[in-house]
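Open the model in your viewer and keep the selection tool at hand. The tour goes from one selection to the next and says what is found at each stop.

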Amino acid sequence: MNYKSLQKLLFLLPTETSHHLSLQSVALMQQMNLSALVAKDRVQDSVELMGIQFPNRVGLAAGLDKDARCIEGMSALGFGFLEVGTVTPKPQSGNSKPRLFRLVSSRAIINRMGFNNEGVDAMVKRIRRSNFKGVLGINIGKNATTALEDALADYEYCLRKIYKSASYIVVNISSPNTKGLRSLQHGDELSALLEGLKETHATLIHKHQKTVPLLVKIAPDMDDDEVFQVSRKLLEFELDGVVVSNTTISRSGVIGQKYANESGGLSGTPLKDQSNRVLALVSSEVKDKITIIGVGGILDKEDALTKIKLGADLVQIYTGFIFKGPDLIFEAASAIQAHYATA
Ligand SMILES: Cc1cc2nc3c(=O)[nH]c(=O)nc-3n(C[C@H](O)[C@H](O)[C@H](O)COP(=O)(O)O)c2cc1C
C-alpha cells in the first residue's frame, strides 16, 4: 500500500489515535526486524557539522518520537538524523485530550500535547537497548510541575542523564504548551539559563572526555529585536547551534478554519513564512559561527531548499512527514544534495 492510501485510512481515525497507530507500526516493525520492508534509500550526502558526520541534511524534528520508541525504524526511512524528545526529568501525561488537531486543507497541525513523555530514565534505557548507530539529537525540557525559577535544575538533570546517549542536545525553551517556558528566551532569564547549562556542559565534557554539542530551539513568535538579542546570547555563551523554529501561537493564514481557535502551537505550511523570517534574521547574526537547523513548514523540496538558501545547515520535518510520508525525506535530501553539487 502506498502512503497516500494509508494516509486516507489513518486520517479517518481520531488524530491522536492515528498518530499512535503510525508510531506503533514503525516500532513493531523495528521489533520484528522488519524495518527493511519499508526501508527507503538514504540519500548519501555526508556533511560534518559540530564534529558530527551527518549522512544527509534532512532530519526528523522533535516531538514525533518523544520517547525514542522507534529510532531504528524511523532511521530506515532515510533520515540523515533524528531528534527525539522533548523529554523531561519525570514522566508526565501532558495536557488533556483532545490536544492534536489536523487542518488538512492548510497542511497544518495545531498541538498542545504538553510534553507527554515517559521521563528521561525510560528514554535512556530504551536508547541503550537499541541497535541505532545513526545521529541522534535529544531534546530536553522541564516538567510542567517544576516552577519556572527551577527550570535550570530540570534541564541540568536531563543533560546529565542523556549526555552519553546523545549525538547532540537541544534545549527546548520555545514550546508554547508549557506555561511560561518561552520567557526563558529573553533577558536575564536566558543569560542565567545558558550560563548554568554551559557550566554543567563543561563538567560533563571533562567527565566523559566527549563533547556533545549543545543547541537551543527558539520560537518563531519574536520581533526582530528579540531575535537579534537571542542570537547574540547564543554566540556570547558559545552554544554550538540553534534550531529555528518551534510552532507558532499565531493563527494568521488559518483564521476561520475548523480548529483554528484551538490553543496550542501551529505547524506546517502556515508556519513557513514566519519561521523563515526568523531563520533569515538568526542567520544574518550567526551564520558560519554556529550550526543552524531550519524547521517549520517544509512540505516539499522547494521549502527545504529555501531554508538552506536562508542559511540553514540542516533541516528537519514533522508536519510535512505526516502529510506527505517518507517520500518527502528522499525528495528534500536529493534536492539539497543537488543544490550543493552545483553551488
Ligand atoms: C504534534 C507535535 C508535537 C511536537 N512536539 C515537540 C516537542 O516535544 N519538542 C519540540 O521541540 N518540538 C515539538 N514540536 C515542534 C516540531 O519539532 C517543529 O519544530 C514544528 O512542528 C515545525 O515544523 P513542521 O512545520 O515541519 O511541523 C511538535 C510539533 C507537533 C506537530
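This is a predicted model. Begin with Asp 150, which sits in the loop that links strand E7 (136–140) to helix H6 (151–162). Is Asp 150 buried or exposed? Its relative accessible area is 42%, so Asp 150 counts as partly exposed, because that class lies between the 20% limit for buried and the 50% limit for exposed.

Keep Asp 150 selected and add Glu 149, Asp 188 and Glu 189. Together with Asp 150, these residues form a patch of negative charge on the surface.

Now select Asn 143, which is in the loop between E7 and H6 as well. With a relative accessible area of 2%, Asn 143 is buried, because the cut-off for buried is under 20%. Show its side chain, then add Thr 88 and Gln 92. Which side chains does Asn 143 contact? One polar contact, of 3.1 Å, runs between the side chains of Asn 143 and Thr 88. Another, of 2.9 Å, joins the side chain of Asn 143 to the side chain of Gln 92.

The last stop is Glu 262. Look for Glu 262 in the loop between strand E10 (241–244) and strand E11 (265–268). Glu 262 has a relative accessibility of 26% and is therefore partly exposed. Add Arg 99 to the selection and show the C-alpha atoms. Glu 262 and Arg 99 are 163 residues apart along the chain, and their C-alpha atoms are separated by 8.6 Å.

Technical notes:
Residues are numbered from 1 along each chain as its sequence is written. This is a predicted model: local features need pLDDT of at least 70, side-chain atom pairs count only at pLDDT 80 or more; totals for chains, interfaces and linings use all residues. Side-chain values use heavy atoms; hydrogens and water are left out. Patches are made of residues with over 30% relative accessible area and no salt bridge: like charges are joined within 9 Å, nonpolar side chains (Val, Leu, Ile, Met, Phe, Trp, Tyr) within 5 Å. Accessible areas come from the Shrake-Rupley method with a 1.4 Å probe; for residues, only the protein chains shown count as cover. A salt bridge is a side-chain nitrogen of Lys or Arg within 4 Å of a carboxyl oxygen of Asp or Glu. Lys and Arg count as positive and Asp and Glu as negative; His and the chain ends are not counted. The place of a charge is taken as NZ of Lys, CZ of Arg, CG of Asp or CD of Glu. Helices (H or I, at least four residues) and strands (E, at least two) are DSSP runs, numbered from the N terminus. Buried means under 20% relative accessible area, exposed over 50%, partly exposed in between (1.4 Å probe, protein chains only). A polar contact is a pair of N or O atoms within 3.5 Å; within protein, one must be able to donate a hydrogen and the other to accept it, and residues adjacent in sequence count only if both atoms are side-chain atoms.
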